[in-house]
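User: I should like to understand the terms applied to this model and the grounds on which each is applied. Please take me through them in order.

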Amino acid sequence: MRNADYECPHKVAVPPSKPFLQSLKSGLKETFFPDDPFRQFKNQPPSRKVLLGIQYLVPIFEWAPRYSFQFFKSDLIAGITIASLAVPQGISYASLASLPPIIGLYSSFVPPLVYAMLGSSRDLAVGTVAVASLLMASMLGKAANPTENPKAYLQLAFTATFFAGVLQASLGIFRLGFIVDFLSHATIVGFMGGAATIVCLQQLKGILGLVHFTHETDVVSVMRSVFSQTHKWRWESAVLGCCFLSFLLLTRYFGKRKAAFFWINAMAPLTSVVLGSILVYLTHAEKHGVQVIGHLKKGLNPPSASELAFGSPHLMTAIKTGFIIGIIGLAEGIAVGRSFAMFKNYHIDGNKEMIAFGMMNIAGSCTSCYLTAGPFSRTAVNFNAGCKSAVSNVVMATAVMFTLLFLTPLFHYTPLVVLSSIIIAAMLGLIDYEAVIHLWKIDKFDFIVCMGAYLGVVLGSVEIGLIIAVTASLVRILLFVARPRTFALGNIPNSGIYRSIEQYPVADKVPGVLILQIDAPIYFANANYLRERISRWIYEEENRLKSTGETSLHYIILDMSAIGSIDTSGISMLEEVKKNTDRKGLKLVLANPRSEVIKKLDKSKFIETIGQEWIYLTVGEAVAACSFMLHRYKSNPNAVEYEAQNNV
């Protein structure tokens, strides 16, 4: 059947082809520079370009000239507030990472200063994070025992932090931040929840006053270690731990119920440390089974560049650990920064954040710090305290510096059980059961991915959970690419609109015409599937028409409006579909091919094969042409049969 008698109101245009280098440049720009960071340099004198370049690379030079005393008053209050949280959390998380407690304080001094200069978030509060601490202890502990060989373990921790910083900075410099996006929200919820569960269970060591404890991170090993030592449980430590944990949870509850009480929640960890230290000092509880931190040396961060273990036989373990904790730190920090930026209606540059995170961890590894990121709890306190800029991090670092210089002896009597209580209280907030319920209601596959990551961490190990999380994310992407959705379209009554019959049951099928929509680009990964799926659509439609006695099928319209691109495998698939439809006496019609698609179809000569007259701008025009041809030839079936044979 030819449609030479039908006059198409609109022709599908083939855009002019661009030179290869121009197309390559455009593609690279869209991939690596979607935000067009160079637009501010256009039409600027050289001196202005230099200034803008410095401000782009070091954001503090961009906002510092506008900084006011009013802002400083707000940042001063916020900085002191988060410092009160940074000190106990730093000590606690360092213990979680099997590092000396003083390393946690060091990590809250240098990295925040670096981030204040290079970061683009006004609200992010820099510090150590629990999940990365657990990962570091779990992975590095297999290479060097932190108890038997603390020096080698500390060197590996600094080396892992260095490589984490190198990875983070490299991702930002080479504009590869989209790699972090491969960790979906569901996998992060599951992984973080599983890690938080294990962290909480491991703190039973401190709560019960146990000295020897398993280094494994699965729930079975942890619970076996707890209940195999029931004769060593210390009731004094347990009572103290339950009291302080109840106090911390109660203050958090009131802080959430009323925003004005957030100060109580923010000051609760430091208050617990102070009260616990006074109680131990007055009662000499350390002589009755309550373990204390002990001596913390005074002074600022000693240099540690010479401690980086580049020649260690466990270097690959340090690199692997650094890369993993670097990715986890980035995913959490950038997500937290973006979340709070939305509240104040400003934008943070993901690539700048990666560079800032990387540089602060590289600098930290050379100044006796381990991995730092942007923990949610500390950032939330910073936000609620009314911070206006990254100066709050400078204030926090200054307060930590004062602590390192003058106050560290005061932490000698701080009971470890208080640190365990602080960690448990913080980790319970990471078990987001409401998000899991939401995933179950919205997307069952996302729920399965989330629970897979959670159970992988809890029943296996942190590494297994991370592998499951990443694998599940990649499988989800592959499923979207390799198995795209296809829909049969129908006409919405009394309109020229065509929509999915599954979504709109009132939509009417067009007699003699099957309209299919492909909801994804066509690549080598899905070409064979789409060919088979289209053949099945045709087979099922022909069987349906035979069983109902309706008008036989004559036209197959492919709505290509959702196909943004196509490769050579996709073009070969269309050629095979064309041959299959010709053999069945059917006519293949294309509707609304996009710019990139029509250019490739033109270069491959597929347009000549199918005929320019069978390519339409809209589904409505394609249906009108097919209906015209059916009406034109219905009184002469012999002509239809003759034309169909000529198509074979």
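User: What makes strand S5 (residues 587-591) and S6 partners, and in which sense do they run, parallel or antiparallel?

Analyst: Two strands pair if DSSP finds at least two bridges between them. S5 and S6 are joined by two bridges and run parallel, so the pair satisfies that definition. One bridge sets leucine 590 against isoleucine 615 in S6. Strands here are DSSP runs (E, at least two residues), helices likewise (H or I, at least four), both numbered from the N terminus. The model is predicted: local features need pLDDT of at least 70 and side-chain atom pairs pLDDT 80 or more, while totals for chains, interfaces and linings use all residues. Residues are numbered from 1 along each chain as its sequence is written, and side-chain values use heavy atoms, with hydrogens and water left out.

User: Why are S2 and strand S6 (615-616) called edge strands?

Analyst: The open sheet has six strands in the order S2-S1-S3-S4-S5-S6, with mixed pairing. S2 and S6 each have a single partner strand, so one side of each is left without a neighbour in the sheet.

User: What makes the pairing of the sheet mixed?

Analyst: Both senses occur in it. S1 pairs with strand S3 (residues 513-518) in the antiparallel sense over four bridges, with alanine 488 opposite leucine 516. S1 and strand S2 (residues 498-500) are also antiparallel, over three bridges, and asparagine 491 stands opposite tyrosine 498 there. By contrast, S3 and S4 are parallel over five bridges, where leucine 514 faces isoleucine 556 in S4.

User: How do you know that strand S1 (residues 486-491) is largely enclosed?

Analyst: A residue is buried when its relative accessible area is under 20% (exposed means over 50%, partly exposed in between; 1.4 Å probe, protein chains only). Six of the six residues of S1 are buried, so the strand is largely enclosed by the rest of the structure. Thr486, Ala488 and Gly490 cover one side, and Phe487, Leu489 and Asn491 the other. For S4, five of the five residues are buried, so the conclusion is that it too is largely enclosed.

User: How is the packing of helix H19 (residues 433-442) on helix H20 (residues 444-460) described?

Analyst: Two packed helices are described by the angle and the distance between their axes. The axes of H19 and H20 come within 6 Å and cross at roughly 145 degrees; axes are lines fitted to C-alpha atoms, for helices over the stretch in contact, and angles run from 0 to 180 degrees between N-to-C directions. Contact means heavy atoms within 4.5 Å. Val436, Leu439, Trp440, Lys441 and Ile442 in H19 meet Lys444, Asp446, Phe447, Cys450 and Met451 in H20.

User: What makes the second largest pocket a pocket, and which residues lie nearest its centre?

Analyst: On a 1 Å grid over the protein atoms alone, a pocket is an open set of points with protein on both sides within 12 Å along at least five of seven lines, whereas in a cavity a 1.4 Å probe fits but cannot get out. Lining residues have an atom within 4 Å of a point. This pocket has 49 of them, with Ser95, Ser98, Thr147, Lys205 and His215 nearest its centre. H18 gives the most to the lining, with five residues. The space amounts to about 1,300 Å³, a volume being the space filled by probe spheres set on points joined across faces, edges and corners.
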